[in-house]
Amino acid sequence: MTRVFSGVKPTGHLTLGNYLGAMRRWAAVDQHRSDALFCVVDLHALTVDHDPARVRRLSRQAASLLLAAGLDPELCTVFVQSHVDEHARLSYVLECVATDGEMRRMIQYKEKAARERERGGSVRLSLLTYPVLMAADILAYGTDEVPVGDDQTQHVELARDLAVRFNQRYGHTFVVPRATGPAVAARVMNLQDPTSKMGKSEDTGPGIVYLLDEPDVVRKKVMRAVTDSGRDVVYDREERAGLANLLEILAACTGGDPAELAGGYDSYGALKKDTAEAVVEMLRPVRERHKELCADPGYVEGVLEDGAGKARAMARPTVDAAYRGIGLLPPAGASR
Ligand code: TYM
């Protein structure tokens, strides 16, 4: 059976981008057709300036939202990265296979490091090595497919490169994974700045729809989305980025095609109204289920505990094999 692995980072409240680019497919498709693991990747949240209590809170919330979005622990494994030591164990070994140049070429590193320096802050070493930990997340499980949004494809490419390089040097150990993306809305853009991604890490966000926003807040954000001064509704990602973003969001919510949908509108107002309602209706069951889960924290904790146990058992043999392959002496008594 195909092995699928993916994750969300608890650096902020989860957004419509996370949902359309990744989570929705995990629940609707991946968990049903594969042996799938979905992870709250909390170690990754420590790569930028962080508040420990907030990371804990957001990790719990992300886990509940994964379940609220429809992940079913009977069908897939849901867990928290730091509960499974194999991720950090493998990450170090992969750091001995990756190069400094490879890390510095990563687009997300360049952007985030520049932002951090602009603010006068210092850049954590873990921000540079982040993609190696991500490769470890993926490779530890013999992953075939990594369902992600557009922004993660460079990281998955690195995981592929490291898997191939390790296998060539030290013997076949890792499955070489590939990224899979959604048909539309692989990169949902910020409603106030359609040239940048709708990212969760920004603190406030009139241009960001959060999964737990109240319906009226969602409506307001969509109705105030920045478009351009044109009048006709056409789908053109280059020239009409704001409009294209709304059409893609509507298409993703309703299962339509952005260019075809454009033909059905002659005003921006009507398009915004329909998009707002489609988003509200799509998110309604997620918010409701999330509320129920918040009332039952013991259930979520139990799911995460079981998930970590299953994940550990799946990752251990591959990580042990990597340790042996690269030249580390097995502890006395370990089976060979
Ligand atoms: P993160 O937490 O930023 O995002 C989680 C998932 O949501 C997708 N996504 C988007 N898709 C479309 N439009 C957007 N605006 C948008 N914003 C986010 C992301 O592509 C991702 O699929 N590095 C990863 C977390 C990670 C991971 C992994 C993922 C760590 N280890 C191993 C897969 C496999 C990240 O920061 O995702």
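## Close-up views of a predicted model

**View A. E86 has a relative accessible area of 3%, so this residue is buried.** Like the other views here, this one shows a predicted model. The partner of E86 is R316, and the two form a salt bridge in which the closest N and O atoms are 3.8 Å apart. E86 belongs to helix α3 (residues 86-95) and R316 to helix α12 (residues 297-326), so the salt bridge ties together parts that are 230 residues apart in sequence. Is R316 buried, exposed or partly exposed? Its relative accessibility is 43%, and because buried means under 20% and exposed over 50%, R316 counts as partly exposed.

**View B. R124 and D49 join their side chains in a salt bridge of 3.6 Å, N to O.** Both ends of this pair lie in loops: R124 between α5 (107-118) and α6, D49 between β2 (35-40) and α2 (52-68). The pair links distant parts of the chain, 75 residues apart. With a relative accessible area of 64%, D49 lies over the 50% cut-off and is therefore exposed. R124, at 30%, is partly exposed. As general background, side chains of opposite charge can pair when their charged atoms come close. If you would like to look for others, a search of the whole structure finds 23 salt bridges.

**View C. Here the side chains of R187 and D150 meet in a salt bridge, with 3.7 Å from N to O.** Which parts of the chain does this pair tie together? R187 is in the loop between β5 (178-180) and α8 (215-223), while D150 is in the loop between β4 and α7 (153-170), so the joined parts are 37 residues apart in sequence. R187 is partly exposed, with a relative accessible area of 29%, and D150 is partly exposed too, at 35%. Elsewhere, D30, R33, E145 and R178 are joined into one network by salt bridges that share partners.

**View D. F5, F79 and Y141 are linked into a cluster by ring pairs.** A search of the whole structure finds six aromatic pairs. One of them is F5 with F79, whose ring centres are 6.4 Å apart; their planes meet at 65 degrees, so the pair is edge-to-face. F5 sits in strand β1 (residues 3-8) and F79 in strand β3 (residues 77-80), so this contact ties together parts that are 74 residues apart in sequence. F5 counts as buried at 3% relative accessibility, and F79 is buried at 0%.

Now follow F5 to its other partner in the cluster, Y141: this pair is stacked, with 5.3 Å centre to centre and 15 degrees between the planes. It links strand β1, home of F5, to the loop between α6 (125-139) and β4 (145-147), where Y141 lies, 136 residues apart. Y141 is buried, as is F5.

**View E. R89 places its charged end over the ring of Y323.** The distance from that charged end to the ring centre is 4.4 Å.

**View F. The ligand is surrounded by 27 residues.** Which of them are the closest? They are Y130, D137, D151, V188 and K200. β1, α1 (16-33) and α6 each supply at least two residues of the shell. For polar detail, start with K9, which has a backbone N or O atom 2.8 Å from an oxygen atom of the ligand. The side chain of N18 brings an N or O atom to 3.1 Å from a ligand oxygen, and an N or O atom in the side chain of Q152 is 2.9 Å from a nitrogen atom of the ligand. Taken alone, the ligand exposes 710 Å², and 98% of that is buried by the protein.

**View G. N167, in helix α7, has a side chain in polar contact with the backbone of T173.** A polar atom of that side chain lies 2.9 Å from the backbone nitrogen of T173. Is N167 buried or exposed? Its relative accessible area is 13%, which is under the 20% cut-off, so N167 is buried.

Technical notes: Residues are numbered from 1 along each chain as its sequence is written. This is a predicted model: local features need pLDDT of at least 70, side-chain atom pairs count only at pLDDT 80 or more; totals for chains, interfaces and linings use all residues. Side-chain values use heavy atoms; hydrogens and water are left out. Rings of Phe, Tyr and Trp (its six-membered ring) pair if their centres lie within 6.5 Å; planes under 30 degrees apart count as stacked, over 60 as edge-to-face and the rest as tilted. Helices (H or I, at least four residues) and strands (E, at least two) are DSSP runs, numbered from the N terminus. Buried means under 20% relative accessible area, exposed over 50%, partly exposed in between (1.4 Å probe, protein chains only). A charge sits over a ring if NZ of Lys or CZ of Arg is within 6 Å of the ring centre and within 35 degrees of the ring normal. A salt bridge is a side-chain nitrogen of Lys or Arg within 4 Å of a carboxyl oxygen of Asp or Glu. A residue is near a molecule or strand if one of its heavy atoms lies within 4 Å of it. A polar contact is a pair of N or O atoms within 3.5 Å; within protein, one must be able to donate a hydrogen and the other to accept it, and residues adjacent in sequence count only if both atoms are side-chain atoms. Accessible areas come from the Shrake-Rupley method with a 1.4 Å probe; for residues, only the protein chains shown count as cover.
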